[in-house]
Amino acid sequence: MSGNVELLSSSLAQAKAENRAALIAYLPAGFPTVDGAIAAVKAVVAGGADIVEVGLPHSDPVLDGPVIQTADDIALRGGVKIADVMRTVREAHEATGVPILVMTYWNPIDRYGVERFTAELAEAGGAGCILPDLPVQESELWREHADKHGLATVFVVAPSSKDKRLATITAVGSGFVYAASLMGVTGTRESVGEQAQDLVARTRATTSLPVCVGLGVSNARQAAEVAGFADGVIVGSAFVKGMLDAPDEEAGLAAVRSLAGELAEGVRKR
């Protein structure tokens, strides 16, 4: 069975045709429970998310700030496994029809087996993976299997990335390019900053792939700001915080659905 890389591309193209940026939501698998995470994905899509990243919880999430680290810890203590991540992708995609990617560090895939992981992700209806810590020069094995199974390989670029490095990364990536808006870890911030706009412009000079911006966006105003220069707006910590701060799961689902609605309006006010 082939994965849904084409659905990912068409979703981004559809947003562009509507003269707006796509809204991409991030939620960790297994948080607050496996079923709760699946319900949360359904909630953000009902609110207006176009694409969802499902996080594979990791004990040493170097890119993630305290909010996502807390959620990952809850998921890991709950016993979440890669099989649960695949189930989350499958059930979320079947229920919503939107592209579902997995965001993961390399070590869990390496231990699980690249062929096994890509085959299972494609079978679950996944659209691809975001791999923040896989060096491009060490990615050939992954890309070979991802291509075979119809999965996107999304690499992360940062403001510190030199133009030559950007060209190297974008030449082998697929789906879209994840542009980290600033140096540091994930989390909500008061301002997304000019660094992000410069990075998007420099990245676009090297590729025709959509460029989507993450790290720091948490409200409609920031979403509108980023949507003014990016093809997609990625929001993670704000959704996870909404679930963490809620008194119970139902309140959490209502919170993330409401936030997705506000952000969806934001990306339409670019």
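In this predicted model, a good place to start is leucine 27, which stands opposite valine 54 of strand S2. That pair belongs to the join between S1 and S2, two strands that run parallel and are linked by five bridges. From here the briefing moves out across the sheet, then to the annotated positions, the helices and two backbone details.

**The sheet as a whole**
- Nine strands form an open sheet with parallel pairing, in the order S5-S4-S3-S2-S1-S9-S8-S7-S6.
- Its edge strands are S5 (152–154) and S6 (156–157), each of which pairs on one side only.
- Helix H1 (residues 5–17) packs on this sheet, where it touches S1 (22–28), S2, S3 (100–103), S5 and S8.
- The direction of H1 makes about 135° with that of S2.
- As a general reminder, strands of a sheet pair through backbone hydrogen bonds, in either a parallel or an antiparallel sense.

**Strand S1 and its surroundings**
- How much of S1 is buried? Seven of its seven residues are, leaving the strand mostly covered.
- Ala22, Ile24, Tyr26 and Pro28 point one way from S1, while Leu23, Ala25 and Leu27 point the other way; both sets are buried.
- Besides its five bridges to S2, S1 pairs with S9 in the parallel sense over four bridges.
- Within the S1 and S9 pairing, isoleucine 24 has isoleucine 234 of S9 as its bridge partner.
- S9 (residues 232–235) also pairs in the parallel sense with S8 (residues 211–214), here over two bridges.
- In that S8 and S9 pairing, valine 213 stands opposite valine 233 of S9.

**Annotated positions**
- An unreviewed UniProt entry lists Glu53 and Asp64 under "active site".
- Glutamate 53 sits in strand S2 (residues 51–55).
- Is glutamate 53 buried or exposed? Its relative accessibility is 1%, so glutamate 53 counts as buried, the cut-off being under 20%.
- Setting aside neighbours within four places in sequence, the contacts of glutamate 53 include Ile24, Ala25, Tyr26 and Leu27, residues that are themselves buried in S1.
- Glutamate 53 is also in contact with Leu101, Met103, Ile130, Tyr178 and Ile234.
- Two of these contacts, Ile24 and Ile234, are the bridge partners already met between S1 and S9.

**Helices H2 and H4**
- The axes of H2 (residues 34–47) and H4 (residues 82–96) come within 9 Å and cross at roughly 35°.
- This crossing of H2 and H4 is right-handed.
- On the H2 side, the contact is made by Val34, Asp35, Ile38, Val41, Lys42 and Val45.
- H4 contributes Asp84, Arg87, Thr88, Glu91, Ala92, Ala95 and Thr96.
- Sorted by class, the contact has six nonpolar, two polar and five charged residues.

**Two backbone details**
- Phenylalanine 31 and proline 32 are joined by a cis peptide bond, with omega about 0°.
- Proline 32 lies in the loop between S1 and H2.
- Asparagine 19 has a positive phi of about 60°, although this residue is not a glycine.
- Where is asparagine 19? The residue lies in the loop between H1 and S1.
- Asparagine 19 has a relative accessible area of 58%, so this residue is exposed, the cut-off being over 50%.

Key:
Residues are numbered from 1 along each chain as its sequence is written. This is a predicted model: local features need pLDDT of at least 70, side-chain atom pairs count only at pLDDT 80 or more; totals for chains, interfaces and linings use all residues. Side-chain values use heavy atoms; hydrogens and water are left out. UniProt positions are given in the numbering used here, feature names are shortened, and annotations may be inferred rather than shown by experiment. Buried means under 20% relative accessible area, exposed over 50%, partly exposed in between (1.4 Å probe, protein chains only). Contact means heavy atoms within 4.5 Å. Axes are lines fitted to C-alpha atoms, for helices over the stretch in contact, and angles run from 0 to 180 degrees between N-to-C directions. A crossing is left-handed if the near helix is turned anticlockwise from the far one by less than a right angle, and right-handed if clockwise. Ala, Val, Leu, Ile, Met, Phe, Trp, Tyr, Cys and Pro count as nonpolar, Asp, Glu, Lys and Arg as charged, and the others, Gly among them, as polar. Two strands pair if DSSP finds at least two bridges between them.
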